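The following exercises are to be worked with the sequence and the coordinates at hand. Each task is followed by a solution in steps.

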Amino acid sequence: MPMRQNVKKKNIVAMLLVLVFVMLTLAADGLAHRRPYKHHHSKTKGAVIGGVAGAVGGALIGGKKGAAIGAGAGAGTGYLVQRHRNRKHRRHISRRNIRR
């Protein structure tokens, strides 16, 4: 009997933690502050972060050779993602300026 109560208590605590996590996740989007100025995302930083993530993933999957391939692919992808984010913002700004 005491074992069942212990498991039930753990389940209740786990459900409450999940509920709090979901509520905070949803609330974060509504409380976000939009900055009126242009954002710039560093392409170099994106390439470095992508390269590290790719190297780790590649090393886990394919060893040393996989790490090298993953690093190259991750760096290229990180660079392209940051470049897209910069250009996407630029298009948004130019459209907004045209409407005025």
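**Exercise 1. Classify G74 as buried or exposed, and describe its surroundings.**

Solution. The model is a predicted one.

Step 1. The relative accessible area of G74 is 12%. The cut-off for a buried residue is under 20%, so G74 is buried.

Step 2. G74 belongs to helix 2.

Step 3. Once neighbours within four places in sequence are set aside, the contacts of G74 are A47, G50, G51 and G54.

Step 4. Two C-alpha separations may be read from G74. To A55, at 19 residues along the sequence, the separation is 7.4 Å. To G54, at 20 residues along the sequence, the separation is 4.5 Å.

**Exercise 2. Determine which residues G54 touches beyond four places in sequence, and whether G54 is buried or exposed.**

Solution.

Step 1. G54 is located in helix 2, which spans residues 43–99.

Step 2. With residues up to four places away not counted, G54 touches A67, G70, A71 and G74.

Step 3. The relative accessible area of G54 is 15%. Buried requires a value under 20%, and G54 is therefore buried.

Step 4. The contact between G54 and G74 also appears when the list is drawn up from G74.

**Exercise 3. For Q82, V81 and N86, assign each to buried, partly exposed or exposed.**

Solution.

Step 1. The placement in the chain is taken for each residue. Q82 lies in helix 2, V81 is in helix 2, and N86 is in helix 2.

Step 2. The limits are under 20% for buried and over 50% for exposed, with partly exposed in between.

Step 3. Q82 has a relative accessibility of 11% and is accordingly counted as buried. N86, with a relative accessible area of 8%, is likewise buried. V81 has 43% and is partly exposed.

Step 4. The surroundings of Q82 are then listed. Apart from residues up to four places away in sequence, Q82 touches H41, S42, K43 and G46. The side chains of Q82 and R85 are joined by a polar contact of 3.1 Å.

Step 5. Two further pairs are given by C-alpha separation. N86 and H40 are 46 residues apart along the chain, with their C-alpha atoms separated by 6.1 Å. V81 and A47 are 34 residues apart in sequence and 8.9 Å apart in space.

**Exercise 4. Identify which residues make the nonpolar surface patch of about 530 Å².**

Solution.

Step 1. The patch is made by I12, M15, L16, L19 and M23.

Step 2. L16, one of these residues, is found in helix 1, which covers residues 2–30.

**Exercise 5. Summarise the protein chain: how many helices and strands are there, and what percentage of the residues counts as buried?**

Solution.

Step 1. The protein chain has two helices and zero strands.

Step 2. The chain has 100 residues, and 15% of them count as buried.

Step 3. The accessible surface is about 8700 Å², and carbon and sulfur atoms account for 66% of that area.

Step 4. Among contacts with a separation of 6 or more, 64% are between residues 24 or more positions apart.

Terms used
Residues numbered from 1 in each chain as written. Predicted model: local features only at pLDDT ≥ 70, side-chain atom pairs only at ≥ 80, totals over all residues. Heavy atoms only, no water. Helix = DSSP H or I, 4+ residues; strand = E, 2+ residues; numbered from the N terminus. Buried < 20%, exposed > 50% of the residue type's maximum accessible area, 1.4 Å probe, protein only. Contact = heavy atoms within 4.5 Å. Patch = residues over 30% accessible without salt bridge, like charges linked within 9 Å, V, L, I, M, F, W, Y side chains within 5 Å. Areas by Shrake-Rupley, 256 points an atom, 1.4 Å probe, with all protein chains shown as cover. Salt bridge = Lys/Arg side-chain N within 4 Å of Asp/Glu carboxyl O. Polar contact = N/O pair within 3.5 Å; in protein donor to acceptor, adjacent residues only side chain to side chain.
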